[in-house]
Amino acid sequence: GTPVWHLAGFAQEHVQHAMRRLRAGRAPVVRWELTRAEDDRRVLLAQMTPLHDESRAVSGFVISTTDVTSVARARELAIDAGHALARGQDIERACQEAAFQLRQTLRPDLAVIAVVDDRTSTPRVAYESGADGDHASLERRFAATWRSAILDGRLVVTHSASTIELTAPLKLAAESLGAITIVSDDVDSPERLDEAQRFLSALARDIAIAVERAQLLLHAGHKR
């Protein structure tokens, strides 16, 4: 028959490499990103799995493709956010840059960034966008969620009737620097939720690095 790379536009070297690995039993599945034409902005992920006969020998292969453009775009935006936050010299500026990245990517209805107070170890609002109440009311509203995210070191997802609330800890190694919470009614699919979680986790890590750097610069300034 006609080789599959002639029919579907797969690169011959990728297909043959995947077939060799699957025949040798070195992997249950092989994935690779497809190279597209210059005017095609999509990002496609190819996946090959083996077919087995009754003796468990590899008798054929199945290739499928998945459009992962949104995932790739989120990855690129996370990298851009990291570069932008790296330019910040103080916490306020870092929070403003993070909020800009959120508006560009996730467009949340509410965004709150809280930084742990050095004296009390309590998260205090350093930035908010879209809130109706004051900082104190936000701190009461999200105190339990922030505490959970910081103690567990993981992203917390809370569903309501019409919105989804995502909270990620601002954490570096064993040091907890705060948390970021967004509330959105625009996360309308599991894929969109996965994308939002990936981006917020990456952004939280970048914010934590920026906050730590700003705090070090502030402390250094006080010692002069």
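**How many helices and strands are there in the protein?** There are six helices and eight strands. Both are DSSP runs numbered from the N terminus: helices are H or I with at least four residues, and strands are E with at least two. From the N terminus on, the elements run α-α-β-β-β-α-α-β-β-α-β-β-β-α. This is a predicted model, where local features need pLDDT of at least 70, side-chain atom pairs count only at pLDDT 80 or more, and totals for chains, interfaces and linings use all residues. Residues are numbered from 1 along each chain as its sequence is written, and side-chain values use heavy atoms, with hydrogens and water left out.

**View 1. The three-stranded sheet is open and antiparallel.** Its strand order is 1-2-3. Strand 1 (30–33) and strand 3 (58–67) stand at the edges. Each has a single partner strand, so one side of each is left without a neighbour in the sheet. Neighbouring strands here are turned by 20° against each other on average, direction ignored. Strands count as paired if DSSP finds at least two bridges between them. Strand 2 (residues 44–52) and strand 3 pair over nine bridges. Look for His52, whose bridge partner in strand 3 is Val58.

**View 2. Five strands form an open antiparallel sheet.** The order is 5-4-8-7-6. Which strands stand at the edges? They are strand 5 (123–129) and strand 6 (156–159). Each has a single partner strand, so one side of each lacks a neighbour in the sheet. The twist averages 15° from one strand to the next.

**View 3. Strand 7 pairs with strand 6 and with strand 8.** Four bridges join strand 6 to strand 7, and the two run antiparallel. A hairpin of four residues connects them. In this pair, His159 stands opposite Ile164 in strand 7. Nine bridges join strand 7 (residues 164–172) to strand 8 (residues 175–184), again antiparallel. Here Leu166 stands opposite Ile182 in strand 8.

**View 4. Helix 4 and helix 5 lie across strands.** Helix 4 (residues 91–105) lies across strand 4 (110–116), strand 5 and strand 8. Helix 4 runs at about 50° to strand 5. Helix 5 (residues 135–152) lies across strand 4, strand 5, strand 6, strand 7 and strand 8. Its angle to strand 5 is about 115°. Axes are lines fitted to C-alpha atoms, for helices over the stretch in contact (heavy atoms within 4.5 Å). Angles run from 0 to 180 degrees between N-to-C directions.

**View 5. The structure holds two salt bridges.** In a salt bridge, a side-chain nitrogen of Lys or Arg is within 4 Å of a carboxyl oxygen of Asp or Glu. Arg124 and Glu139 form one of them (3.3 Å, N to O). This pair links distant parts of the chain, with Arg124 in strand 5 and Glu139 in helix 5, 15 residues apart. Is Glu139 buried or exposed? Glu139 is buried, at 16% relative accessible area, whereas Arg124 is partly exposed at 38%. Buried means under 20%, exposed over 50%, and partly exposed in between (1.4 Å probe, protein chains only). Arg154 forms a salt bridge with Asp152, their closest N and O atoms being 3.5 Å apart. Arg154 is partly exposed at 45%, and so is Asp152 at 46%.

**View 6. Of the 224 residues of the protein, 40% count as buried.** Among contacts with a separation of 6 or more, 47% come from residues 24 or more positions apart.
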